[in-house]
Amino acid sequence: MKTMFRQAQWNEPVIFKLGSKGRRGYALPDTEGETTGHDVGTPELPATIKRTQLPKLPELSEVEVVRHFTRLSQMNYGVDLGFYPLGSCTMKYNPKINDILAGTDGISELHPNQNENTTQGILEILYTLSKWLAEITGTYEVCLQPSAGAHGELLGALIMRACHEFNGDSDQRTELIVPDSAHGTNPASGTMAGFRIVVVPSNQNGTVDLNALKTAVSEKTAGLMLTNPNTLGIFEEDIAEIADIIHEAGGLLYYDGANLNAIIGKTRPGDMGYDIIHINIHKTFGTPHGGGGPGAGPIGVCKELAKFLPVPAIAYNSKLKSYFLDYNKPESVGKIRGFYGNVAILLRAYAYILSLGREGLEEMAEISVLNANYLVRKLSQIRGFELPYVKGRPRKHECVFSLKSMTKETGVRAADVAKRLLDYGLHSPTTYFPLIVDEAFMIEPTESMEKEELDRFVEALRMISGEAYSTPDLVKNAPYSAAVTRLDEVKASHPKTMALSWRMYQNRNVIKAATSKV
Ligand SMILES: Cc1ncc(COP(=O)(O)O)c(C=O)c1O
């Protein structure tokens with residue numbers, strides 16, 4: 001197998017550096033003309049909303065815009081290009097039919113401020129989706145508002161707090177328990193909701209240590225956040241006992257739904273004893289992830305907690321046979337996002353569930369688990385790839401290898417192997433997560449990969465392992481064929497150097513130039 005991949009490498013400037021003053025990419029109809037018959041007149045904006053200064057936008061022709069973005073897309077990698085085994089992210093194929101549906105005029109041109117009488121169709125779709133998600137997760141009521149899993153976690157933690165406030169013991173219940181295998185967003189969301197985080201260790205099987213959990217719970221416990229299967233891809237088989245421990249201590253059990261893909265149609269978090277759950281729509285239901293959005297992270301709750309869900313709830317009036325927005329929820333934690341949530345993403349999920357049906361969703365889980373276990377078997381045979389925690393036990397939708405022995409013997413780290421994979425035209429898995437695995441290499445193939453693609457991935461890793469033990473520097477300096485090679489990760493994420501927008505970048509440079517003159 002050769003590294004035949006070569007990505008386009010355009011020296012592409014930011015769009016603000018392209019074009020020139022006065023250049024236009026469009027031509028509006030002549031507002032004065034009588035010839036077109038479409039004269040709309042010159043709109044007069046009220047002085048209060050008129051800008052005093054024109055926005056500093058780039059001025060480009062249409063073709064310049066098209067070429068700019070096409071060149072950028074050639075330097076990108078996505079699920080439509082090849083294997084994308086980013087563990088815990090469920091980077092499955094996003095069916096195009098769902099994009100088409102979300103783009104139809106009747107849907108994409110709706111405005112959220114339209115009168116309910118004119119939006120019955122979309123309200124029906126969202127209402128139906130929320131009922132399906134409640135059925136799938138075994139919860140009583142679902143709110144579609146949150147924009148991502150982490151956003152759902154924050155809402156879930158706020159609901160946990162609201163529940164304890166309602167019961168009069170929120171001053172006492174200040175601690176949220178998370179296992180040491182948890183995703184970083186779990187402690188972050190809990191902290192944002194005002195809780196102190198208590199970490200429980202995993203046992204030698206990679207699951208929650210029950211004795212440690214029993215020691216951690218107390219009258220201070222607000223709840224436990226736990227994904228199942230956990231981030232090692234291992235099912236928490238003691239979940240019923242875990243639920244009892246938390247409930248007996250007066251706490252609530254929160255399900256991080258990032259790994260729902262593995263169990264959908266087989267079991268339901270609500271049946272396992274969870275009280276609050278979130279669903280990463282962009283993972284399980286095949287919608288685009290975007291860079292930190294757009295996504296959707298609906299949350300579902302048990303009956304007792306439904307009163308705390310955000311407003312408005314999308315409800316149905318059976319007498320009037322119409323859907324409406326219900327703001328009458330006095331115990332609600334309030335709004336977590338504008339309007340009904342990320343509708344374009346929710347719509348794609350609606351179409352996805354509708355096209356797969358109950359059996360299709362179950363099969364999806366089965367194939368995702370089969371694919372992950374196929375990789376476990378194949379990759380375990382490669383030098384330097386060790387499967388930590390119980391070996392013979394099947395994984396669910398993902399698996400985590402440790403490259404610790406490879407690092408010890410050759411100096412090649414998990415990050416180097418991940419970078420070298422790019423030269424083989426494959427996206428890298430997640431690395432260094434979960435934190436409890438040294439040199440973690442976390443792979444989630446999903447159900448949408450063919451066996452040939454899985455084999456190509458295995459073969460590429462076999463080659464890279466060979467390179468690591470024979471020519472380690474080759475791997476350490478990879479990639480060679482990607483548009484961008486090794487990034488300065490500290491600089492990229494440091495608050496002093498990170499620039500999230502052109503304006504931020506410019507302001508930073510102005511300040512730098514000014515301070516260097518002083
Ligand atoms: C286990 C786990 N929990 C929570 C999240 C957060 O989800 P989101 O990225 O939708 O905010 C992730 C994201 O990858 C995850 O893997």
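Visitor: In this predicted model, where is asparagine 228 found?
Guide: Look between a strand and a helix. The strand is β4, residues 221–226. The helix is α8, residues 239–248. Asparagine 228 sits in the loop between β4 and α8.

Visitor: Is asparagine 228 buried or exposed?
Guide: Check its relative accessibility, which is 0%. Buried means under 20%. Asparagine 228 therefore counts as buried.

Visitor: Which backbone nitrogen does the side chain of asparagine 228 reach?
Guide: Start with the contacts of asparagine 228, leaving aside neighbours within four places in sequence. They include Ile234, Phe235, Tyr255 and Asp256. Glu236 is also one of them. At 2.6 Å, the side chain of asparagine 228 reaches the backbone nitrogen of glutamate 236.

Visitor: Which polar side-chain atom lies 2.5 Å from a nitrogen atom of the ligand?
Guide: Begin with the residues that come nearest to the ligand: Ser88, Gly149, Asp256, His282 and Lys283. Serine 88 has a polar side-chain atom 2.5 Å from a ligand oxygen. Glycine 149 uses a polar backbone atom, 2.7 Å from an oxygen of the ligand. For the ligand nitrogen, the partner is a polar side-chain atom of aspartate 256.

Visitor: How much of the ligand does the protein bury?
Guide: Take the ligand alone and it exposes 390 Å². Of that area, the protein buries 87%.

Visitor: Which element gives the most to the shell around the ligand?
Guide: The shell has four nonpolar, six polar and three charged residues. Two helices, α5 (149–166) and α10 (281–284), each supply at least two residues. The top giver, with three residues, is α5.

Visitor: Which element gives the most to the largest nonpolar core?
Guide: This core has 57 residues. Elements that give two or more include α4 (120–137), β3 (196–200), α7 (210–216) and β5 (252–255). Eleven residues come from the top giver, α11.

Visitor: What does phenylalanine 285 touch?
Guide: Phe285 is among the residues with the most contacts inside the largest core, along with Leu133, Ile177, Leu213 and Ile281. Set aside residues up to four places away in sequence. Phenylalanine 285 then touches Leu133, Ile136, Ile264, Ile279, Ala349, Tyr352, Ile353 and Leu361.

Visitor: How many residues are in the other core?
Guide: This core lies apart from the largest one. Among its members are Phe441, Phe457, Ile464 and Val475. Its count is 29 residues.

Technical notes:
Residues are numbered from 1 along each chain as its sequence is written. This is a predicted model: local features need pLDDT of at least 70, side-chain atom pairs count only at pLDDT 80 or more; totals for chains, interfaces and linings use all residues. Side-chain values use heavy atoms; hydrogens and water are left out. A residue is near a molecule or strand if one of its heavy atoms lies within 4 Å of it. A polar contact is a pair of N or O atoms within 3.5 Å; within protein, one must be able to donate a hydrogen and the other to accept it, and residues adjacent in sequence count only if both atoms are side-chain atoms. Accessible areas come from the Shrake-Rupley method with a 1.4 Å probe; for residues, only the protein chains shown count as cover. Helices (H or I, at least four residues) and strands (E, at least two) are DSSP runs, numbered from the N terminus. Ala, Val, Leu, Ile, Met, Phe, Trp, Tyr, Cys and Pro count as nonpolar, Asp, Glu, Lys and Arg as charged, and the others, Gly among them, as polar. Buried means under 20% relative accessible area, exposed over 50%, partly exposed in between (1.4 Å probe, protein chains only). Contact means heavy atoms within 4.5 Å. A nonpolar core is a set of buried Ala, Val, Leu, Ile, Met, Phe, Trp, Tyr and Cys residues joined through side-chain atoms within 4.5 Å.
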